[in-house]
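Trainee: I have a structure to look at and would like to talk through its charged contacts and its surface. Where should we begin?

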Amino acid sequence: MTIYQAMQLNAAGSKSLIKNSHSRKESVKWSFVYLLKVILTVAFCFVFVTCFSLLFGSENSIAGVVVLLILLLVRQSDFGMNMPGSMLALFLLFAILCVSPMAASLLSPFPAFLVHLLSIFAITFLGCHNIIMCNHFTFVLGYLLLFGYPVTGNSYICRLKALLLGYMICAAVYCIRHRNHHFRRGFFHLLEEFHLHSSRSQWQLRISLATSSAMLLTTCMGLPRAMWVGIACMSIMAPFITDCTYRELRRAPFNIAGCLLFILLYHALPKNLHPFLGILGGIGVGFSAKYSFQNIFNVLGALIIATDLFGLYPAVLIRIAANLMATFYCIGFNILWEHVRHKLQSVRQPA
């Protein structure tokens with residue numbers, strides 16, 4: 001394996017390469033490559049988001065984050081369609097990101113719930129036909145981040161420009177990276193292959209309904225950061241129920257661990273280093289191959305922003321409450337979903 005190929009591996013692949021090295025020298029070599037990859041990735045992410053902030057305003061740095069996440073995704077993952085179909089799907093996904101988060105932020109809870117439901121379903125339908133790719137995670141996360149950081153007036157116009165630029169960048173990268181991938185499936189095959197009896201279509205409905213209804217409940221209860229509840233639900237609602245159970249057991253506990261780590265670092269580090277906690281979290285995620293540790297380090301970036309809004313301990317309590325609520329909600333939702341599904345299957349079966 002070349003150094004370039006090694007740098008294309010994800011965290012799990014890099015750790016496997018290091019573990020299976022035939023000598024200590026080889027292990028050190030791949031460890032250095034892994035470290036270099038993480039450093040270069042974090043540096044690129046920092047520069048990329050900074051450029052978006054300079055071009056479109058600091059209030060639209062979140063748009064830079066969303067575009068960055070999609071760029072990293074399309075560089076590695078395809079949509080399982082031919083190139084015209086993929087370009088149309090990518091355009092529609094960006095169109096949803098331009099319109100729906102803003103619309104939902106302006107509406108009362110129940111109309112906003114409908115916007116969330118339809119938008120998240122459309123995202124999973126357009127971007128995650130091959131559920132093994134897990135493309136939905138990036139696009140739904142981007143949707144929820146844009147919803148959680150709304151802008152108005154000229155700042156919204158700048159956000160639209162940022163997302164338009166993001167689409168052009170991501171489309172160009174997708175064409176270059178996947179130009180040799182040939183699929184017979186086109187865009188309209190997605191409509192033909194949607195069926196309520198298929199596990200994929202049922203999952204698309206399940207994640208959309210669970211995430212949007214959890215956010216509705218959060219809003220109706222008057223709790224802040226409904227976005228965090230939505231992100232947690234989206235993360236837990238994996239395509240397969242067994243994976244949901246795995247994540248249900250780990251989401252809240254490791255978020256609590258991340259909150260404790262954040263409090264420790266917040267008090268231990270000088271105040272002028274606090275903004276770098278988000279970067280530290282990004283480095284930690286880069287080294288994390290398991291869902292549990294990814295949750296710990298994701299907390300750092302989320303809390304450094306929320307601390308400016310709510311204060312340290314209120315932000316931590318809101319984060320913990322959001323993930324506990326999302327976990328228990330998803331457990332109950334999946335139990336009810338499976339019960340209804342089995343009931344419907346028994347009704348359809350001939351006597």
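Mentor: Start with Glu-338, bearing in mind that this is a predicted model. Glu-338 has a relative accessible area of 18%. Buried means under 20%, so Glu-338 counts as buried.

Trainee: Which residue forms a salt bridge with Glu-338?

Mentor: Look along helix 16, which spans residues 312–348. The partner and Glu-338 are three residues apart in that helix, so about one helical turn separates them. The closest N and O atoms of the pair are 2.7 Å apart, and the partner is Arg-341.

Trainee: Is Arg-341 buried or partly exposed?

Mentor: The relative accessibility of Arg-341 is 22%. The buried class ends at 20% and the exposed class starts over 50%, so Arg-341 counts as partly exposed.

Trainee: Which residues are linked in a network of salt bridges?

Mentor: Glu-193 meets Arg-185 in a salt bridge at 3.3 Å, N to O. Glu-193 also meets Arg-200, at 3.7 Å. Glu-193 takes part in both contacts, so with a salt bridge counted within 4 Å, the network links Arg-185, Glu-193 and Arg-200.

Trainee: How many salt bridges does a search of the whole structure find?

Mentor: One is the contact of Arg-341 with Glu-338. Others are Glu-193 with Arg-185 and Arg-200 with Glu-193. The search of the whole structure finds three.

Trainee: Which residues make the nonpolar surface patch of about 280 Å²?

Mentor: One of them is Leu-40, found in helix 3. Leu-40 has a relative accessible area of 45%, and patch residues need over 30%. The patch is made by Phe-32, Leu-36 and Leu-40.

How values were computed:
Residues numbered from 1 in each chain as written. Predicted model: local features only at pLDDT ≥ 70, side-chain atom pairs only at ≥ 80, totals over all residues. Heavy atoms only, no water. Patch = residues over 30% accessible without salt bridge, like charges linked within 9 Å, V, L, I, M, F, W, Y side chains within 5 Å. Areas by Shrake-Rupley, 256 points an atom, 1.4 Å probe, with all protein chains shown as cover. Salt bridge = Lys/Arg side-chain N within 4 Å of Asp/Glu carboxyl O. Helix = DSSP H or I, 4+ residues; strand = E, 2+ residues; numbered from the N terminus. Buried < 20%, exposed > 50% of the residue type's maximum accessible area, 1.4 Å probe, protein only.
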